[in-house]
Amino acid sequence: KQKTAYEIRLSLVGSEMCIRDRVSTQSTGFLSVRRQMKVIKSSDTVAIPPNVQVSVKNRKVTVTGPRGKLSRDFRHLNLDVSLQTKGKKKFVLVELWFGVRKEIAAIRTVCTHIKNLITGVTKGYEYKMRFVYAHFPINATVADDGKSIEIRNFLGEHRTRFVPMLDGVTITRSDKDKNKDEIVLQGNDLELVSQSAADIHMSTLVKEKDIRKFLDGIYVSEKGVIGAN
């Protein structure tokens with residue numbers, strides 16, 4: 001008689017921490033079904049620095065630090081997210097019960113997102129972009145107190161490209177003595193900073209020409225935390 005999953009779980013001892021379903025391949029025409037192994041419990045943790053406050057409610061994580069406040073919602077994932085304390089140390093615990101391989105991979109993804117939130121509210125993110133041109137120099141003007149940029153003379157075109165920055169992202173020009181063809185994007189949210197850089201890059205794509213020859217554009221040259229370089 002074949003044991004049920006409940007009976008197998010009761011009989012597990014020592015390092016036997018997984019339930020391996022009976023692997024069977026049932027071929028019916030072109031349909032093939034294969035059951036995957038389920039791990040009883042998978043977890044990972046994220047340490048919380050002393051100058052950062054983290055709150056978790058209904059899988060919505062809110063992080064507050066010296067640079068501001070960020071939050072992210074993980075309710076679309078079937079995970080348990082909770083705050084834990086061990087002595088004087090605090091950390092965020094992400095758990096998953098009876099998950100298959102692709103579900104377990106989401107644990108590290110959630111932990112990485114939380115680490116990015118902590119880095120954003122403590123250090124901030126910075127992207128540097130350089131102007132690349134062969135003949136027609138690209139002219140850029142920072143407008144709205146660093147909330148947008150106007151790009152002119154791209155490939156000699158007369159139209160002005162206007163690119164607004166996303167919420168919380170500021171843009172500045174580098175010193176003309178050091179790098180006259182460089183702009184710097186700064187912000188707390190990594191996704192918003194990187195998306196703003198992508199918007200600038202996408203606004204200067206070369207159309208209807210051989211991009212191996214026409215390399216003009218605005219490209220990301222450096223990225224990291226503020227003050228790293």
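A residue is called buried here when its relative accessible area is under 20%, and exposed when that area is over 50%, with partly exposed covering the range in between. In this predicted model, leucine 96 has a relative accessible area of 5%, and therefore counts as buried. Leucine 96 belongs to strand 9, which runs over residues 89–99. Leaving aside residues up to four places away in sequence, leucine 96 touches Ile40, Lys41, Ser42, Asn78, Leu79, Glu103, Ile104 and Ile107. One of these partners, leucine 79, is 17 residues apart from leucine 96 along the chain, and yet the C-alpha atoms of the two leucines are separated by 5.3 Å.

The same strand offers a contrast in phenylalanine 98, which also has its place in strand 9. Its relative accessible area of 30% is not under the 20% limit and not over the 50% limit, so phenylalanine 98 is classed as partly exposed. The backbone of phenylalanine 98 has a positive phi of about 55 degrees, although the residue is not a glycine.

From these single residues one may step back to the whole protein, which contains three helices and 16 strands. Of its 229 residues, 32% count as buried, and its accessible surface comes to about 15200 Å², with 50% of that area belonging to carbon and sulfur atoms. Among the contacts with a separation of 6 or more, 54% are made by residues 24 or more positions apart.

Helix 2 is a useful place to continue, since the buried residues of this helix can be followed one by one. Helix 2 spans residues 101–122, and its 22 residues reach 33 Å from the first C-alpha to the last, which is close to the 32 Å expected at 1.5 Å a residue. Its buried residues are Ala106, Ile107, Val110, Cys111, Ile114, Leu117, Ile118, Gly120 and Val121. What covers these buried residues includes strand 4 (38–47), strand 6 (60–65), strand 7 (68–73), strand 9 and strand 10 (125–132). Just after helix 2, glycine 124 takes a positive phi of about 90 degrees.

In soluble globular proteins, nonpolar side chains tend to be buried together. The largest nonpolar core of this model has 21 residues, and those with the most contacts inside it are Val54, Val61, Val63, Leu79, Val92 and Ile114. Strand 6, strand 9 and helix 2 each supply at least two residues of this core, and the largest share, eight residues, comes from helix 2. Valine 54, to take one of its members, touches Ile48, Val61, Thr62, Val63, Leu83 and Val92, again not counting residues up to four places away in sequence. A second, separate core has 20 residues, including Phe131, Ile138, Ala140 and Ile149.

Aspartate 144 lies in the loop between strand 11 (139–143) and strand 12 (148–152). Its relative accessibility is 52%, and because the limit for exposed is over 50%, aspartate 144 counts as exposed. Phi of aspartate 144 is near 55 degrees, again a positive value in a residue other than glycine.

The aromatic rings complete the picture. The structure holds zero aromatic pairs, but lysine 209 lies over the face of phenylalanine 214, at 5.9 Å from the ring centre.

Definitions and conventions:
Residues are numbered from 1 along each chain as its sequence is written. This is a predicted model: local features need pLDDT of at least 70, side-chain atom pairs count only at pLDDT 80 or more; totals for chains, interfaces and linings use all residues. Side-chain values use heavy atoms; hydrogens and water are left out. Helices (H or I, at least four residues) and strands (E, at least two) are DSSP runs, numbered from the N terminus. Buried means under 20% relative accessible area, exposed over 50%, partly exposed in between (1.4 Å probe, protein chains only). Contact means heavy atoms within 4.5 Å. Rings of Phe, Tyr and Trp (its six-membered ring) pair if their centres lie within 6.5 Å; planes under 30 degrees apart count as stacked, over 60 as edge-to-face and the rest as tilted. A charge sits over a ring if NZ of Lys or CZ of Arg is within 6 Å of the ring centre and within 35 degrees of the ring normal. Accessible areas come from the Shrake-Rupley method with a 1.4 Å probe; for residues, only the protein chains shown count as cover. The expected span of a helix is 1.5 Å times one less than its number of residues. A nonpolar core is a set of buried Ala, Val, Leu, Ile, Met, Phe, Trp, Tyr and Cys residues joined through side-chain atoms within 4.5 Å.
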